[in-house]
Amino acid sequence: MPKFAAPALPLNGIFPIEKPSGPTSMRVIDQVTELMLDSKLFADTSKVQFHKHNYKRKKNTTAHGLKVGQGGTLDPLADGVLVVGVNRGTKYLQQYLEGTKEYESIGIFGATTTTMDAEGPVLSTGDFDNITREDVEKALEKFQGEIHQTPPIFSALKMDGKPLYEYARANLPLPRPIPVRKCTVSVELIDFTPASREPGDGGHEYKWPEERLSEEQKDVFRKLTHLVEDSQKGQEGGEPALPTIPDQDFPEVSAKTGLRPPTFKIRMTVSGGTYVRSIVHDLGIALGCGAHVVMLRRTRQGRFVLNGEEESLTEEAKAEMQRAMDEQIANLGAKHVSRSDVEMEDDTALRGEKPTGPGTVCVPWSVLDKAIKEREQAMSTEEEEIEERLAAEGADAKQIRQALSKEGRRAARMEGPLKEWEHEVLRRFISVPVPDNGGHNNRSRPY
């Protein structure tokens, strides 16, 4: 077994996690940050004292000096690869924002929504009865290579601090055109589920959102459509794909055939800044019936992938990893260690590029979710212990509070061998160089 080389502590670098569908990216980062604050891999007691007495906490850091960020937000509906940067690793996240990403998405025909996905209310409906796989493949041809995109106008997009719909309500022209951006896209159809009669009959289980826009809201949208079209005239890239709201409202179950709308699944490779939901939305507009996203998954970002084969971590490997980290921790406070000459094993990882070989698989959310729940249970037990000791006859409340302070309890949670989630992070962690600063407070200020 190859010897495990422990990275310098506290850790500075990047690693991938699997974001689940449901919570926001920020919520996921907050939860992972709480785990890190209880970890000997990330905690730096010297930094705690440094911030407490001599230094105003830096922006985007916790009270313990830990800095955490992510390399590209995923919508609450979306799941998949989320790149996490820690301390100085956050400086490399911009390259992941700008880099190429891969997605898989499922869209359902017949309805456009205000958010272009299943989270928003239905904006308009269309006749989906005659859509075929061949129709979809033909329409996708216009979404290959370099294309132009306009930011989704139905969301909270603002101009000069004012939401676009406020201009429509006040009958005011937009101050300027909405910037059109160029992006590079490669998209392929990987599945098409024809219209079905009911859920469970071999078709799909997806449904349109139940919420609908009121007539007043539809009127605001019509005005906004005209404002955007007027502002975009003469701008390179043409007008955004905006749905019209027909007088007829089509039902989710076809009145002609009794069938529900078909779905499609596409795989996309896109450049940084691409609005992935817009591709599904625009495809629906091109086919004349509308469509919105019901599933969105980021499957790759740079060298990091959602799924793939990887060797399981043996007990022997865990023991070697633990031994190396214990040695690091023991030596951390003994002497100053210069880290200005840290070398990267794979520089493409920091540039957010796709490697030629196999990718690095994300830390499974099941592992992180288990750790989050265990931490919550441990904190609940600690609180119960405090209450029991305070209730004990003759107990000195001040001494008990001091003995069971937040810092004391946090230190206790760090004791013992590395936890499962820490092992999983270490397997995937890519360290970044840290300047030496001449040996002055270097460990206290890793970024």
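**Close-up views of aromatic pairs and nonpolar cores**

**View 1. F42 and W421, an aromatic pair in the predicted model.** Both F42 and W421 are buried. With ring centres 6.3 Å apart and planes at 5 degrees, F42 and W421 count as stacked, because planes under 30 degrees apart meet that term. The two residues come from distant parts of the chain, 379 residues apart. F42 belongs to the loop between α1 (25–37) and α2 (45–53), whereas W421 is in helix α12 (residues 420–428). The count of aromatic pairs in the model comes to 5.

**View 2. Y96 and F304, a stacked pair.** The ring centres of Y96 and F304 lie 5.9 Å apart, and their planes are at 20 degrees, so this pair is stacked. Y96 is part of helix α3 (residues 93–98) and F304 is part of strand β13 (residues 304–305), so the pair ties together parts 208 residues apart in sequence. Y96 is buried, at a relative accessible area of 0%. For F304 the relative accessible area is 0%, and this residue is buried.

**View 3. K162 over the ring of Y167.** Here a charge is set over an aromatic ring. The charged end of K162 is 4.8 Å from the centre of the Y167 ring.

**View 4. The largest nonpolar core.** This core holds 36 residues. Those with the most contacts inside the core are F109, V136, L140, F264, I266 and M268. At least two core residues are supplied by each of the strands β4 (101–109), β10 (181–193), β11 (263–270) and β12 (291–301). The helices α4 (133–140) and α7 (276–286) each supply at least two as well. In soluble globular proteins, nonpolar side chains tend to be buried together.

**View 5. The surroundings of F264.** Neighbours within four places in sequence are left aside in this view. The contacts of F264 include S105, I106, G107, I108 and F109. F264 is also in contact with L189, D191 and F192. Further contacts of F264 are V280, L283 and A291.

**View 6. A second core, and Q31 in helix α1.** Apart from the largest core lies another, of 28 residues. Among its members are I17, W365, I372 and F429. Q31 is placed in helix α1. Its relative accessibility is 16%, so Q31 counts as buried, the limit being under 20%. Leaving aside neighbours within four places in sequence, Q31 is in contact with W365 and I372, two residues that are among those of this core.

Definitions and conventions:
Residues are numbered from 1 along each chain as its sequence is written. This is a predicted model: local features need pLDDT of at least 70, side-chain atom pairs count only at pLDDT 80 or more; totals for chains, interfaces and linings use all residues. Side-chain values use heavy atoms; hydrogens and water are left out. Rings of Phe, Tyr and Trp (its six-membered ring) pair if their centres lie within 6.5 Å; planes under 30 degrees apart count as stacked, over 60 as edge-to-face and the rest as tilted. Helices (H or I, at least four residues) and strands (E, at least two) are DSSP runs, numbered from the N terminus. Buried means under 20% relative accessible area, exposed over 50%, partly exposed in between (1.4 Å probe, protein chains only). A charge sits over a ring if NZ of Lys or CZ of Arg is within 6 Å of the ring centre and within 35 degrees of the ring normal. Contact means heavy atoms within 4.5 Å. A nonpolar core is a set of buried Ala, Val, Leu, Ile, Met, Phe, Trp, Tyr and Cys residues joined through side-chain atoms within 4.5 Å.
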